[in-house]
Amino acid sequence: MTTRADHEAGEVVPPLERKIGLADMVAYAGATWDWYRLHYDPEFVKAAKVPGPVVDGQVFGALLVEQIQDWLGPQCFVHRLDFTFKALVFAEETVRCEGVVTEVGEDYLVLEQRVVVVGPDGEAARVAAAPARAKVLLGTADGPGAR
């Protein structure tokens, strides 16, 4: 299990990078029962005059949590996650979750994160979601830090 001693403010969270394809978006729609046509229907998208199917914003929350859990492992619990949408992301674009530890408590970490769209050069082309802030308990949901 990860402990406070394992972390310090300023520590960079390993990034998570993911290309979001149309098939991924349809699968996510099915899993969440969110069938808004802007996320998958080419004719609807064309009528809406947007460049392509729009990634459901909930995906960003899922990816931010996945980034945390990939880093800290199964003995952590994301107690709180807040984020603000900044820009649309379209099917077949690649996003990267980035983060840094801003606070280390006795049994928790506070992280500042963001989701960026990755440009052809590998750099952030635009910010999709920011700021994002997570409080992560080091242990289980009902264990230390749940207060």
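Let us begin at Phe44, a residue that is partly exposed, with a relative accessible area of 25%. Keep in mind as you look around that this is a predicted model. Phe44 has a partner, Tyr36, and the two form an edge-to-face aromatic pair. Their ring centres are 5.6 Å apart, and there are 80° between the planes. Why these two values? A pair of aromatic rings is described by the distance of the centres and the angle of the planes. Tyr36 also counts as partly exposed, at 46% relative accessibility.

How many aromatic pairs does a search of the whole structure find? It finds four. One of them joins Phe83 and Phe85, with ring centres 5.4 Å apart. Because their planes stand at 85°, this pair is edge-to-face. Phe83 counts as partly exposed, at 25% relative accessibility. If you add Phe60 to Phe83 and Phe85, you have one aromatic cluster. Another ring to find is that of Tyr108: the charged end of Lys135 sits over this ring, 4.6 Å from its centre.

Now turn to the loop between helix H2 (42–47) and helix H3 (58–72), where you will find Asp56. Pro51 is found in the loop between H2 and H3 as well. Is Pro51 buried or exposed? Pro51 is exposed, with a relative accessible area of 72%. Pro51 and Phe90 are 39 residues apart in sequence, yet their C-alpha atoms are 7.4 Å apart in space.

Asp56, by contrast, is buried. Which side chain of opposite charge is nearest to Asp56? That is Arg37, which is 14 Å away, and Asp56 has no salt bridge. A salt bridge needs a side-chain nitrogen of Lys or Arg within 4 Å of a carboxyl oxygen of Asp or Glu. Leaving aside neighbours within four places in sequence, Asp56 is in contact with Tyr28, Asp34 and His39.

Elsewhere, charged residues do find partners. Side chains of opposite charge can pair when their charged atoms come close. The structure holds eight salt bridges, and three of them make a good tour. In one, the side chains of Glu92 and Lys19 meet at 3.9 Å, N to O. Glu92 lies in the loop between strand E2 (76–85) and strand E3 (93–104), while Lys19 lies in strand E1 (residues 12–20), so this pair ties together parts that are 73 residues apart in sequence. Glu92 counts as partly exposed, at 45% relative accessibility, and so does Lys19, at 49%.

Next along the chain comes Glu93, whose side chain meets that of Arg126 in a salt bridge of 2.6 Å, N to O. What does this pair link? It links distant parts of the chain, with Glu93 in strand E3 and Arg126 in strand E5 (residues 124–138), 33 residues apart. Arg126 is partly exposed, at 27% relative accessibility.

The last stop is the salt bridge between Arg114 and Glu98, at 2.7 Å, N to O. Arg114 lies in strand E4 (residues 108–118) and Glu98 in strand E3, so their pairing ties together parts that are 16 residues apart in sequence. Arg114 is partly exposed, with a relative accessible area of 30%, and Glu98 is partly exposed too, with 22%. You can follow the links outward from here: Glu17, Arg96, Glu98 and Arg114 are linked in a network of salt bridges.

Note on methods: Residues are numbered from 1 along each chain as its sequence is written. This is a predicted model: local features need pLDDT of at least 70, side-chain atom pairs count only at pLDDT 80 or more; totals for chains, interfaces and linings use all residues. Side-chain values use heavy atoms; hydrogens and water are left out. Helices (H or I, at least four residues) and strands (E, at least two) are DSSP runs, numbered from the N terminus. Buried means under 20% relative accessible area, exposed over 50%, partly exposed in between (1.4 Å probe, protein chains only). Lys and Arg count as positive and Asp and Glu as negative; His and the chain ends are not counted. Contact means heavy atoms within 4.5 Å. Rings of Phe, Tyr and Trp (its six-membered ring) pair if their centres lie within 6.5 Å; planes under 30 degrees apart count as stacked, over 60 as edge-to-face and the rest as tilted. A charge sits over a ring if NZ of Lys or CZ of Arg is within 6 Å of the ring centre and within 35 degrees of the ring normal.
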